[in-house]
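Visitor: Pick one part of this model for me and go through it closely, please. I'd like to see how the strands are laid out and what sits around them.

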Amino acid sequence: MNTETTRQRLKDSPRLKQTLDWLIMNQRDARPRWYVRLLAPLYQHRGRGSKIYRSVRMDTPPYRHFSLGRHSVVESYSCINNAVGDVVIGDHTRIGLHNTIIGPVTIGSHVNLAQGITVTALNHNFSNTSRRIDQQGVSTQVVTIADDVWIGANAVILPGVTIGKHSVVAAGAVVTRDVPPNSIVAGVPAKIIKEL
């Protein structure tokens with residue numbers, strides 16, 4: 001049975017899905033339970049020569065895909081979360097200090113993320129004013145960062161954004177729309193300031 005068939009069966013059985021979710025995820029802490037985290041080396045893919053520092057918070061339940069490519073590193077105090085979508089990181093990529101990555105996110109090879117960056121594909125739903133926001137669930141839009149990209153410190157990459165190959169995102173930028181290949185973007189919201 002493949003993964004999509006399993007997911008569809010769980011969607012068709014809300015009670016079973018709720019029970020499994022409770023067994024895997026700590027609802028208060030919004031992270032996998034301690035016994036699930038112990039099994040992480042069995043279901044996370046880590047390429048040869050890759051490294052994830054001990055202080056990294058790996059919120060990676062087994063029902064989503066996490067992959068770190070060859071000779072890539074996730075530096076201290078970062079948080080990787082694939083609870084609502086896969087996180088795939090290419091080869092020779094550096095996820096800097098204190099970064100937050102919330103899937104579904106695909107990051108290419110030879111990408112450098114500086115410090116304090118947020119890359120999130122998740123948004124909370126809030127349009128129904130008769131219900132609390134925390135009762136309305138979440139929505140996701142895939143974030144894609146192509147190969148050979150440099151993202152400066154404290155930048156924010158929002159849901160649905162694609163950053164093209166050989167582009168630079170300046171420090172502190174808030175990227176709300178796609179960045180074409182070979183571009184430098186800066187500002188809030190980020191705008192193209194130079195083409196390479």
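Guide: What follows is a walk through the two sheets, then the side chains packed or paired around them.

A word on the ground rules. This is a predicted model, so local features need pLDDT of at least 70 and side-chain atom pairs count only at pLDDT 80 or more, while totals for chains, interfaces and linings use all residues. Residues are numbered from 1 along each chain as its sequence is written, and side-chain values use heavy atoms, with hydrogens and water left out.

Start with the parallel sheet. It is open and has 6 strands, which run in the order S3-S6-S9-S12-S17-S20. At its edges stand S3 (45-46) and S20 (162-163); each has a single partner strand, so one side of each lacks a neighbour in the sheet. Strands here are DSSP runs of E with at least two residues, helices are runs of H or I with at least four, and both are numbered from the N terminus. Two strands count as paired if DSSP finds at least two bridges between them. At the S20 edge, S17 (residues 143-145) pairs with S20 in the parallel sense over 2 bridges, and Thr144 has Thr162 of S20 as its bridge partner.

The other sheet is open too, with 8 strands in the order S4-S7-S10-S13-S18-S21-S23-S24, but its pairing is mixed. Its edge strands, S4 (51-52) and S24 (191-195), each pair on one side only. Inside that order, S18 (residues 150-151) and S21 (residues 168-169) run parallel, joined by 2 bridges; Ile151 finds its bridge partner in Val169 of S21. Over at the S24 edge, things go antiparallel: 4 bridges join S23 (residues 183-186) to S24, with Lys194 in S24 as the bridge partner of Ile184. Those two strands make a hairpin with 4 residues between them, and Gly187 in the turn has a positive phi of about 105 degrees. S24 is hardly covered: 0 of its 5 residues are buried. Buried means under 20% relative accessible area, exposed means over 50%, and partly exposed lies in between, using a 1.4 Å probe and protein chains only.

Now for the inside. The largest nonpolar core has 33 residues, and among those with the most contacts inside it are Ile101, Ile145, Ile151, Ile157 and Val169. Strands S6 (66-68), S9 (87-89), S12 (105-107) and S17 each give two or more residues to this core. By core I mean a set of buried Ala, Val, Leu, Ile, Met, Phe, Trp, Tyr and Cys residues joined through side-chain atoms within 4.5 Å. In soluble globular proteins, nonpolar side chains tend to be buried together.

Ile157 is a good place to stop. Setting aside residues up to four places away in sequence, Ile157 touches Thr118, Val119, Thr120, Val143, Ile151, Ile163, Val169 and Val175, a contact being heavy atoms within 4.5 Å. Thr118, one of those neighbours, belongs to strand S14 (residues 118-120). Thr118 counts as partly exposed because its relative accessibility is 27%. Its own contacts, under that sequence limit, are Thr100, Ala155, Val156 and Ile157. Thr118 also lies 9.6 Å from Ala153, C-alpha to C-alpha, although the two are 35 residues apart in sequence.

Last, the charged pairs. The structure holds 4 salt bridges, each being a side-chain nitrogen of Lys or Arg within 4 Å of a carboxyl oxygen of Asp or Glu. One of them joins Arg70 and Asp91, at 3.0 Å from N to O. That pair ties together distant parts of the chain, 21 residues apart: Arg70 is in the loop between S6 and S7 (73-74), and Asp91 is in the loop between S9 and S10 (94-95). Arg70 is partly exposed, at 37% relative accessibility. Another bridge joins Glu75 and Arg94, at 2.3 Å from N to O. This pair also links distant parts of the chain, 19 residues apart, with Glu75 in the loop between S7 and S8 (79-81) and Arg94 in S10. Glu75 is buried, at 16% relative accessible area, whereas Arg94 is partly exposed at 38%. Arg132 and Asp134 form a salt bridge as well, with their closest N and O atoms 2.9 Å apart, and both residues are exposed.
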